[in-house]
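I opened this entry to keep a record of what I looked up, item by item, with charged pairs taken up before anything else.

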Amino acid sequence: MPGTLPSRLNNRKNPSSRQSIMWMLGLLLLVFVAGMFLLSSLNLSYSRDALSELRRQQINEVVGAGLSRINARQSALASYTMTLANIGESFHEMVASGMSDSASQVLRESLEHALRAHLQDFDGAAGAGLWFEPGVFSETGSSYMPYFLQGNDNTLTRLDTESRFDHYRNAPWFNRTLEQEWTADPDNSGHVYWSPVYFDLNTERAVLTLATPMYDREGNLLGLATTAWGADQIIDVVSRITVTQHSFAFLNDRNNRNLSSLSQGEDTREDQALIDAILALDLGADVDAARLPGEVGKLTTRGLSVGNEDYELYFAATAGGMVYGAGVPRNEINAVLLPMERTNYRILVGTVSAMLILSLYLLYRIIQLIRELQASYTDELTGLPNRVRLLRDLQNRQAAALLIINLDRFNQINSLFGTVCGDHVLLAVATRLTAFSRDHNGEIFRVYRLPGDEFAIMAPAMEPEVAHQLAVQVRHLVTGDRVYWQEQRLTVDVSIGIALCKKREPEDAADQLVSQAKVAVLQAREQGRHHLLYDPAVGVEENYENNLYWANRLKEAIDHDRLVPWFQPIHDNQSGRISKYECLVRMVEPDGSVISAGRFMDIANKLRLNRRITELMIEKCFACFTGRDDEFSINLSYGDITEPETVAQILSAIETSGIGDRVIFEILESDGITNYDDIRTFIEQVKPYGCRIAIDDFGTGYSNFSHLLSLNVDFIKIDGSLIRNLHEDQTAFLVTSGIVQFARSLDIQTVAEFVHNEPVQAKVRELGIDFSQGEYVSMPVPAPGSAD
């Protein structure tokens with residue numbers, strides 16, 4: 001419809017410079033935002049680590065202070081026991097010094113009085129006593145404990161052990177305290193041994209016993225001094241330790257039994273779950289201590305999860321061989337970080353918002369400036385660069401190819417339908433040329449609008465044969481679809497003039513190439529041809545004679561069977577070897593020289609000999625590879641696929657040879673395809689034989705990938721215009737990367753054409769392209785395998 005073309009074209013008016021600037025600003029904003037997030041995260045992470053470490057140090061100090069109090073209390077109990085042992089040793093030394101019985105009796109009474117007074121000073125003691133070996137103060141065969149502090153009133157009684165048990169080693173406290181770890185050795189003098197907590201029936205209390213051996217000057221064992229203490233002497237210290245609001249402290253004896261709960265009455269379900277979880281960890285195996293009596297362990301940390309709550313445990317061995325520790329909820333450790341996280345988030349959001357607003361305003365101003373600058377270089381109707389911009393771009397080029405497209409009978413359209421219709425036609429042509437430029441990399445093929453009914457395409461310098469092929473593509477693009485105006489179908493045709501400049505001299509004017517291309521347009525119209533290459537050295541008659549000469553040579557070559565296939569190796573980038581060959585037609589002269597297809601295929605198309613050439617290639621290529629194991633590909637044009645006789649020959653060759661699973665048919669993407677159903681029908685005919693399909697020159701023709709999605713192809717051969725400069729053209733690299741990703745998403749393999757040096761091959765490998773083909777691998781050879 002006439003109202004849709006301007007909007008469609010305006011959507012494509014974004015020049016590459018504007019897009020580049022917008023992309024750069026967007027990228028800078030993205031980098032800034034990412035940087036802000038990264039810095040914020042690093043700052044928050046560092047602060048979290050620092051504060052968490054500081055918080056843990058504080059917790060260590062609190063728990064360590066509790067451990068010190070517990071150790072101090074336990075050391076005091078051990079000191080009481082050592083003092084009692086010293087009294088027993090002194091008592092024995094005085095009695096054994098040989099004094100008279102009367103003096104010994106006086107001394108004994110005096111010491112008993114001092115011992116009684118000392119024992120009564122043991123605040124909180126549940127019992128104490130001196131246990132002598134048999135024969136020390138009594139006859140041999142019986143042990144003797146002259147004094148024992150017992151009962152709630154701390155009465156001091158003198159007790160003969162024979163009335164209770166025959167030896168103190170059979171006393172209950174001995175098994176709990178010394179049986180597993182004590183041997184009578186003077187080197188152990190001064191060690192205090194601790195029992196686990198147990199329930200004493202006499203005092204009806206939970207108690208623990210401390211014992212230390214007594215020796216005389218000769219190192220003979222005299223006996224043991226013992227003290228018994230209520231467990232609350234230590235548990236009370238634990239209950240007074242608070243680390244955080246919801247923390248808890250615990251004390252386990254050396255048999256991994258919890259002591260702290262004994263002084264707390266009945267536990268709640270949650271408290272009991274915590275105690276059970278701690279006992280299940282058996283923390284005594286983890287404490288960093290030598291486990292010798294009296295030694296204190298270093299604080300150790302480990303995690304604990306109970307229900308939905310996570311804790312950090314801080315614990316160590318006490319002087320009495322117990323395990324003391326505290327559990328702190330992790331959320332209380334990290335609670336100090338929450339205000340910092342909120343503040344950090346507010347700063348981040350504010351900064352990013354300010355930068356976003358500033359960037360949008362800057363982008364708006366830059367777009368305005370670009371529009372003002374482009375106004376002097378842009379055609380008002382189509383939005384394409386104008387003649388002024390073309391001359392400026394040519395001035396900056398040392399070599400270029402220029403195509404001028406002139407609309408045939410455009411004046412008649414304006415006369416019959418009016419200038420509004422003429423503008424509609426110009427917009428339609430501009431839309432198609434813009435799509436062509438975009439599909440062929442807009443930085444390499446640039447489209448311009450010239451005054452009147454002319455357009456121009458500036459391309460890199462190229463060989464005449466390539467320029468002819470480009471002109472054919474452009475004409476097919478413009479004339480392939482009809483233009484409709486108010487439901488009226490308009491026929492549009494063009495004449496194209498081509499001018500080439502391989503090296504521009506400084507004295508050459510910028511518009512010289514434009515003038516040459518316009519002369520070529522006029523000559524093409526005079527000769528009734530659709531396109532013509534400007535050649536100052538060859539006149540019109542000479543050009544005609546040249547075409548006639550090549551036509552005769554081509555017919556003679558066909559008649560004498562001098563059209564033969566050559567084979568270009570295709571390198572597998574995964575396995576590192578040649579895995580397949582592309583079959584290319586060559587003309588062999590009588591003198592043995594070989595002429596490439598670019599020299600005669602244009603004439604063959606005009607003389608409609610291209611079908612015959614395709615049939616010859618099918619016949620000879622299948623004959624060549626029938627006895628080999630290699631895969632090979634054959635090029636087919638859209639015209640070949642729509643020719644029933646050619647398709648029938650292909651199917652017959654596949655059935656006869658039985659090598660369909662090694663055949664790849666390459667369909668030229670740049671060949672003007674008007675009906676995709678024909679392509680789809682051909683593919684459906686050859687696929688059952690195992691044949692595969694490749695799209696050749698991909699990136700030069702299809703503007704809508706949706707057609708490719710329905711063709712069920714196996715390979716995409718990326719056009720050489722993209723691959724040739726892959727190592728130095730970032731745009732080509734990005735476009736190629738997009739094609740590779742697109743193919744990979746469809747499970748289609750990719751082939752890079754025109755790989756001519758090592759840097760290009762390195763980029764091909766970097767992009768993950770499956771196969772490489774070109775001069776770097778090998779030029780076409782007369783027989784497959786001769787370049788391996």
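**Salt bridges**

I began with the count, and the structure holds 22 salt bridges. I keep in mind throughout that this is a predicted model.

I then looked up Glu589, which forms a salt bridge with Arg553, and the closest N and O atoms of the two are 2.2 Å apart. Because Glu589 sits in the loop between β20 and β21 (594-595) while Arg553 belongs to helix α14 (residues 540-559), this pair ties together parts that are 36 residues apart in sequence. I checked the accessibility of both partners: Glu589 is buried, with a relative accessible area of 15%, and Arg553 is buried as well, at 13%.

Glu589 also meets the side chain of Arg562 in a salt bridge, at 3.7 Å from N to O. Here the link runs between the loop joining β20 and β21, which holds Glu589, and the loop between α14 and β19, which holds Arg562, the two residues being 27 apart. I noted that Arg562 is buried, as is Glu589.

Next I turned to Asp630, which forms a salt bridge with Arg628, with 2.6 Å between the closest N and O atoms. Asp630 counts as buried, since its relative accessible area is 18% and the cut-off is under 20%, whereas Arg628 is partly exposed, at 27%. Elsewhere, salt bridges with shared partners join Arg553, Glu556, Arg562 and Glu589 into one network.

**A buried acid without a partner**

Which side chain of opposite charge is nearest to Asp572? I found that it is Arg577, 5.8 Å away, and that Asp572 is buried yet has no salt bridge. The 4 Å limit for a salt bridge is therefore not met by this pair. Asp572 lies in strand β19 (residues 563-572), and its side chain reaches the backbone nitrogen of Gln574 at 2.8 Å. Setting aside neighbours within four places in sequence, I listed Arg577, Ser579, Asp770 and Phe771 as the contacts of Asp572.

**Cavities**

I looked for enclosed space and found two cavities of 30 Å³ or more, the largest holding about 70 Å³. Among the residues that line the largest cavity I noted Ile570, Tyr581, Phe632, Glu666, Phe715, Lys717 and Val751. At least two lining residues come from each of the strands β20 (577-588), β22 (631-636), β23 (663-668) and β25 (715-718).

**The loop after β26, and the loop before**

Glu753 is placed in the loop between β26 (749-752) and α23 (758-767), and I recorded it as buried because its relative accessibility is 7%. Not counting residues up to four places away in sequence, Glu753 touches a set of residues that includes Glu582, Asp696, Asp697, Lys717, Asp719 and Gln773.

Phe754 lies in the loop between β26 and α23, and I noted a phi near 60°, a positive value in a residue other than glycine. Phe754 is partly exposed, with a relative accessible area of 45%. Asp747, in the loop between α22 (730-745) and β26, likewise has a positive phi near 60°, and at 72% relative accessibility Asp747 counts as exposed.

**Strand β1**

Last, I looked up Ala125 in strand β1 (residues 125-132), which counts as buried at 6% relative accessibility. I noted that Ala125 and Thr209, although 84 residues apart in sequence, are 9.9 Å apart in space from C-alpha to C-alpha.

Notes
Residues numbered from 1 in each chain as written. Predicted model: local features only at pLDDT ≥ 70, side-chain atom pairs only at ≥ 80, totals over all residues. Heavy atoms only, no water. Helix = DSSP H or I, 4+ residues; strand = E, 2+ residues; numbered from the N terminus. Buried < 20%, exposed > 50% of the residue type's maximum accessible area, 1.4 Å probe, protein only. Lys, Arg positive; Asp, Glu negative; His and termini not counted. Polar contact = N/O pair within 3.5 Å; in protein donor to acceptor, adjacent residues only side chain to side chain. Contact = heavy atoms within 4.5 Å. 1 Å grid on protein atoms, 1.4 Å probe; cavity = no way out; pocket = protein on both sides within 12 Å on 5 of 7 lines; lining within 4 Å. Points joined across faces, edges and corners; volume = space filled by probe spheres on them.
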